[in-house]
Amino acid sequence: MTALKDKLRRQITSTGPISLAAYMNLCLTDPEHGYYTTRDPLGQDGDFTTAPEISQMFGELIGLCLAQTWIDRGAPTPFVLAELGPGRGTLMGDLLRATQNIPGFHDAMTLHLVDTSPALRAIQKNTIPKALQHHSSITELPDGPLFLVANEFFDSLPIRQFQRVEDRWRERVVGLKGDALALGLTDPMSQEHLAHRLLDTRDGDIVEVSASGQNIAKTLGARIASQGGVALIVDYGGWRSLGDTFQAVRGHEVTDPLDAPGAADLTAHVDFEALAEAAKPAAASQMVTQGVFLERLGITARAELLAKGLRDDALRSHIAAHRRLTHPEEMGTLFKVMALYEPGTPCPPGVEPA
């Protein structure tokens with residue numbers, strides 16, 4: 001039994017079942033036993049691998065995309081370059097390298113990373129060869145035009161799950177069955193914030209809601225609409241939440257989310273429609289698959305150029321990385337991209353206006 005599991009059992013025994021959001025929050029961010037606060041979860045020796053860790057091409061193209069949006073807006077000086085949940089700092093490192101020869105871009109930026117993990121913050125400082133500032137919340141970012149990327153950030157934010165029963169909803173909660181953690185359901189009740197979902201769901205359907213994600217999108221949208229800039233959101237999910245997508249990953253394998261709290265990564269698919277609605281008055285682009293987005297930015301041409309200097313295993317690994325990022329049977333379709341930007345300004349490269 002993990003230490004956090006014992007802590008959760010005591011809490012549930014004392015105060016009753018807790019929401020999935022409360023469970024995820026404790027599992028991921030508990031100061032003593034939280035998954036993100038105690039370890040580096042990335043890479044072959046960790047539990048999962050993200051796109052920047054697969055190939056430098058991902059971060060390079062994100063960087064050139066953001067640099068072009070900066071130029072399209074008249075190259076504002078100064079501006080805030082930021083990343084939410086930057087992991088090891090690999091994406092930002094590749095972004096900075098790809099944009100170092102764009103006139104004025106680096107001179108105009110101040111660099112900011114939003115991350116609550118002490119372990120990952122230490123790694124980021126070694127990975128990124130440029131002065132940066134760390135923040136625990138997006139609200140701490142300084143004023144000014146904001147050019148931001150959030151790759152696999154929103155999927156890790158806490159969700160609540162609601163199961164439809166006629167015209168009401170039962171919330172899925174975490175309780176106890178004997179000594180074991182177990183999922184259960186509350187009594188049916190009205191949920192005003194889900195009234196619109198009665199039009200497109202049936203009895204038994206599950207809808208997921210991330211209040212944290214919507215609040216962050218609201219803050220981003222208000223900031224971009226008033227001060228300018230662009231936010232690129234890359235994550236797995238779809239346009240509208242439907243079904244149970246709550247999962248745990250440990251050692252690169254899907255596992256029971258209740259089995260080892262604090263020792264496995266917990267995620268859920270991102271509802272891009274909810275983020276777009278929350279981000280108003282900022283404009284939201286159409287949602288596009290990661291594969292299409294990267295192809296529009298020129299990943300195949302970049303892959304061919306990099307391949308010229310590779311042989312044997314290195315070449316095979318490079319080809320596999322390109323496929324993994326773009327192919328429909330791998331990350332190419334599962335992952336989606338959406339941009340938030342100031343109304344009346346050009347839509348960022350790689351995506352199209354809604």
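How many aromatic pairs does this structure hold? In this predicted model, the count of aromatic pairs comes to seven. Among them is the pair of tryptophan 70 and phenylalanine 105, whose ring centres lie 5.2 Å apart and whose planes stand at 75 degrees, so the pair is edge-to-face. Because tryptophan 70 lies in helix α5 and phenylalanine 105 in helix α7, this pair ties together parts of the chain that are 35 residues apart in sequence. Tryptophan 70 is buried, with a relative accessible area of 2%, and phenylalanine 105 also counts as buried, at 0% relative accessibility.

Another of these pairs brings together phenylalanine 79 and phenylalanine 147, with ring centres 5.3 Å apart and planes at 80 degrees, so that this pair, too, is edge-to-face. The two residues link distant parts of the chain, since phenylalanine 79 belongs to strand β2 (residues 79–84) and phenylalanine 147 to strand β5 (residues 146–151), 68 residues apart. Phenylalanine 79 is buried, with a relative accessible area of 1%, and for phenylalanine 147 the relative accessible area is likewise given as 1%, which means that this residue is buried. Taken together, Trp70, Phe79, Phe105 and Phe147 are linked by ring pairs into a cluster.

Helix α7, which spans residues 105–108, also contains histidine 106. Is histidine 106 buried or exposed? With a relative accessibility of 18%, histidine 106 counts as buried, because the cut-off for that class is under 20%. A polar atom of the histidine 106 side chain lies 3.2 Å from the backbone oxygen of leucine 96. When neighbours within four places in sequence are left aside, histidine 106 is in contact with Leu96, Thr99, Gln100 and Lys130.

From here the reader may return to helix α5, which covers residues 56–72 and includes glutamate 60. At 5% relative accessibility, glutamate 60 counts as buried, and its side chain takes part in polar contacts with other side chains. One of these contacts, of 2.7 Å, joins glutamate 60 to the side chain of glutamine 56, while another, of 2.8 Å, joins glutamate 60 to the side chain of arginine 302. Not counting residues up to four places away in sequence, glutamate 60 touches Asp94, Arg97, Ala98 and Arg302.

The contact between glutamate 60 and arginine 302 leads on to the salt bridges, of which the model has 18. Arginine 302 forms a salt bridge with glutamate 60, in which the closest N and O atoms are 2.8 Å apart. Arginine 302 lies in helix α12 (residues 299–307) and glutamate 60 in helix α5, so this pair ties together parts that are 242 residues apart in sequence. Whereas glutamate 60 is buried, arginine 302 counts as partly exposed, at 25% relative accessibility.

A further salt bridge, at 3.5 Å from N to O, is the meeting of the side chains of glutamate 352 and arginine 296. Here again distant parts of the chain are linked, with glutamate 352 in the segment after β17 (335–341) and arginine 296 in helix α11 (residues 290–297), 56 residues apart. Glutamate 352 is partly exposed, with a relative accessible area of 37%, and arginine 296 counts as partly exposed at 43% relative accessibility. Salt bridges that share partners also join Glu60, Asp94, Arg97 and Arg302 into one network.

A salt bridge within a single helix is found in α1, where the side chains of arginine 10 and aspartate 6 meet at 2.5 Å, N to O. Because arginine 10 and aspartate 6 are four residues apart in helix α1 (residues 3–15), about one helical turn separates them. An α-helix has 3.6 residues a turn, so residues three or four places apart point the same way. Aspartate 6 counts as partly exposed, at 32% relative accessibility.

Helix α2 (residues 20–29) is mostly covered, with seven of its ten residues buried. These buried residues are Leu20, Ala21, Tyr23, Met24, Leu26, Cys27 and Leu28, and for cysteine 27 the relative accessible area is 0%. How many disulfides are counted in the model? The count comes to zero. Cysteine 347, for instance, is in no disulfide, and the nearest cysteine sulfur, which belongs to cysteine 65, is 9.1 Å away. Cysteine 347 counts as buried, at 19% relative accessibility.

Notes. Residues are numbered from 1 along each chain as its sequence is written. This is a predicted model: local features need pLDDT of at least 70, side-chain atom pairs count only at pLDDT 80 or more; totals for chains, interfaces and linings use all residues. Side-chain values use heavy atoms; hydrogens and water are left out. Buried means under 20% relative accessible area, exposed over 50%, partly exposed in between (1.4 Å probe, protein chains only). A polar contact is a pair of N or O atoms within 3.5 Å; within protein, one must be able to donate a hydrogen and the other to accept it, and residues adjacent in sequence count only if both atoms are side-chain atoms. Contact means heavy atoms within 4.5 Å. A salt bridge is a side-chain nitrogen of Lys or Arg within 4 Å of a carboxyl oxygen of Asp or Glu. A disulfide is a pair of cysteine sulfur atoms within 2.5 Å. Rings of Phe, Tyr and Trp (its six-membered ring) pair if their centres lie within 6.5 Å; planes under 30 degrees apart count as stacked, over 60 as edge-to-face and the rest as tilted.
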